[in-house]
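Subject: Structure handover

Hello,

Here is the structure you were expecting. My notes on it follow below the entry.

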Amino acid sequence: LLGNPHHHRCEPVAAESTEEVSVIHAVPLHQRPDLLVPCADLVNSEWQRSRGARVHALQKSCHNFPVCLVLVRGSGPTESLLGHVRLSRVVGHSGSLFVESVVVSKAERGKGYGRTLMQETECYAKGCGFNRLCLTTHDKQCFYAHLGYVLSTPVQNAGAMAAFVPMEMLERFSGMPSTLTDLQTDAKADGKAASSVSSLSPPLSTPPPPPSLFSPSSSISSPSPTAHAPDCLALPPPPPPPPPPPPGSAGQKIVQTLHDTPYRDAKRVPIFWMNKNL
C-alpha cells in the first residue's frame with residue numbers, strides 16, 4: 001500500500017573496519033526521538049537555522065509523510081549518526097516521493113555513506129509502494145547521475161501540507177503545469193525512453209472579466225449604490241507558488257544537461273531537476 005512504512009524491510013549494510021563490523025541502517029526519525037537534537041545539529045551544519053526551529057521542523061516527521069530518515073551506524077553506546085534525508089509526497093503524482101535535505105556528517109564524508117543513504121532511501125520508498133523518487137540539486141547532479149537519476153521536468157513538493165490537507169485539494173489548487181509533465185513522467189514509468197528536452201506550453205491567457213453586476217444603464221465607473229457583489233464570487237486564498245518556470249518564450253525548446261540548466265530556484269540560482277524510477 002502506498003505510504004505504509006510497515007511494508008518495507010531493508011537489509012542492514014555492514015561497514016567493515018580494522019576493529020569491528022558496524023551495522024548501518026536507516027530509521028524514521030519519529031521512531032527515534034532521542035536523535036532529534038543530534039539530527040537538528042547535523043542538518044544545521046549544512047543549512048544554518050536555530051536549533052529550536054530545526055527541531056520543530058524535524059518533529060513533523062510521521063508515517064503519513066513527510067518522513068525524515070536518519071542513517072545510523074552501530075547501536076547502543078557506539079551508535080553514531082551518519083546522515084539525514086527527508087521524503088515528501090509529490091502533488092499530482094501518487095507514485096512519487098520528493099527527496100530533500102540530503103546531508104552526510106562532515107566527519108564521515110568521502111566514505112561512501114552518501115550512496116548508502118540514497119540506497120536506504122530508495123529501499124524505504126519501494127517498501128512503502130512508491131515507484132519514483134524526484135529531487136533537485138544545485139551542484140551534485142553528476143553524483144545522482146551515477147546513482148541512476150536522470151534529468152527531468154519540475155514537480156511540486158507537497159511538503160508538510162500533505163499531513164493535514166487532502167492530496168486532492170492540493171492537486172486542485174496546484175499551480176504546476178501538469179499536461180506535459182504528466183505525459184513525460186508517465187512515459188518514463190512505463191519504461192519508455194526519456195528525453196531531457198522539454199517544450200514549454202504557451203502561457204495561459206488572462207480570463208475575461210465576469211459579467212457586469214450592475215444594470216445595463218449603469219456605467220462601470222459609476223455603479224449603482226444598491227449593487228452588491230454576490231458572496232459566491234469570493235475566491236479562496238491562493239496555494240503556495242510552484243517552482244518558477246525556466247525562462248523562454250512559448251514553444252521554445254528548453255534543454256537541460258548535466259552541465260547547464262534553464263531552471264532557477266526561488267533565489268534565482270541554477271537548479272537541476274532529476275528523478276529515478278525504482
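How much area does the chain expose, and what share of it do carbon and sulfur atoms supply? The exposed area is about 16100 Å², and carbon and sulfur atoms account for 57% of that. Please keep in mind that this is a predicted model.

Overall make-up

The chain contains six helices and 10 strands. It has 278 residues, of which 38% count as buried. Taking contacts between residues at least 6 apart in sequence, 64% connect residues at least 24 apart.

Helix 1

Helix 1 covers residues 36–44, and its buried residues are L36, C39, A40, L42, V43 and N44. These buried residues pack against helix 2 (51–58) and against three strands: strand 3 (67–73), strand 4 (80–90) and strand 5 (93–104).

Strand 10

Strand 10 spans residues 272–277, and five of its six residues are buried, so the strand is largely enclosed by the rest of the structure. Strand 10 is paired with strand 6 (residues 132–137) through six bridges, and the two run antiparallel. In that pairing, R132 is opposite N277 of strand 10. Strand 10 also pairs with strand 7 (residues 150–151), again in the antiparallel sense, over two bridges. There, L151 faces M274 of strand 10.

Nonpolar cores

The largest nonpolar core is made of 26 residues, and F65, L87 and Y149 have the most contacts inside it. At least two residues each come from strand 3, strand 4, strand 5, helix 3 (113–127), strand 6 and strand 10. Helix 3 gives the largest share of this core, with five residues.

What does L87 touch, once its neighbours within four places in sequence are set aside? The residues in contact with L87 are F65, P66, V67, L69, L97, F98, V99, T121, Y124 and L133. A second core, separate from the one above, has 15 residues, among them V27, L42, V55 and V103. One of these, L42, is also listed among the buried residues of helix 1.

Aromatic pairs

How many aromatic pairs are there? The count comes to four. In one of them, F65 and F130 meet edge-to-face, with 5.5 Å from centre to centre and 80 degrees between the planes. F65 sits in the loop between helix 2 and strand 3, while F130 sits in the loop between helix 3 and strand 6, so this pair ties together parts that are 65 residues apart in sequence. Are these two rings buried or exposed? F65 is buried, at 1% relative accessibility, and F130 is buried as well, with a relative accessible area of 3%.

Y144 and Y149 form an aromatic pair that is also edge-to-face, at 5.8 Å centre to centre and 75 degrees between the planes. Both of these tyrosines, Y144 and Y149, are buried. Together with F143, they make up one aromatic cluster. Y149 thus comes up twice in these notes: in the aromatic cluster, and among the residues with the most contacts inside the largest nonpolar core. F65 likewise appears in an aromatic pair with F130 and among those most-contacted core residues.

Regards

Note on methods. Residues are numbered from 1 along each chain as its sequence is written. This is a predicted model: local features need pLDDT of at least 70, side-chain atom pairs count only at pLDDT 80 or more; totals for chains, interfaces and linings use all residues. Side-chain values use heavy atoms; hydrogens and water are left out. Helices (H or I, at least four residues) and strands (E, at least two) are DSSP runs, numbered from the N terminus. Buried means under 20% relative accessible area, exposed over 50%, partly exposed in between (1.4 Å probe, protein chains only). Contact means heavy atoms within 4.5 Å. Accessible areas come from the Shrake-Rupley method with a 1.4 Å probe; for residues, only the protein chains shown count as cover. Two strands pair if DSSP finds at least two bridges between them. A nonpolar core is a set of buried Ala, Val, Leu, Ile, Met, Phe, Trp, Tyr and Cys residues joined through side-chain atoms within 4.5 Å. Rings of Phe, Tyr and Trp (its six-membered ring) pair if their centres lie within 6.5 Å; planes under 30 degrees apart count as stacked, over 60 as edge-to-face and the rest as tilted.
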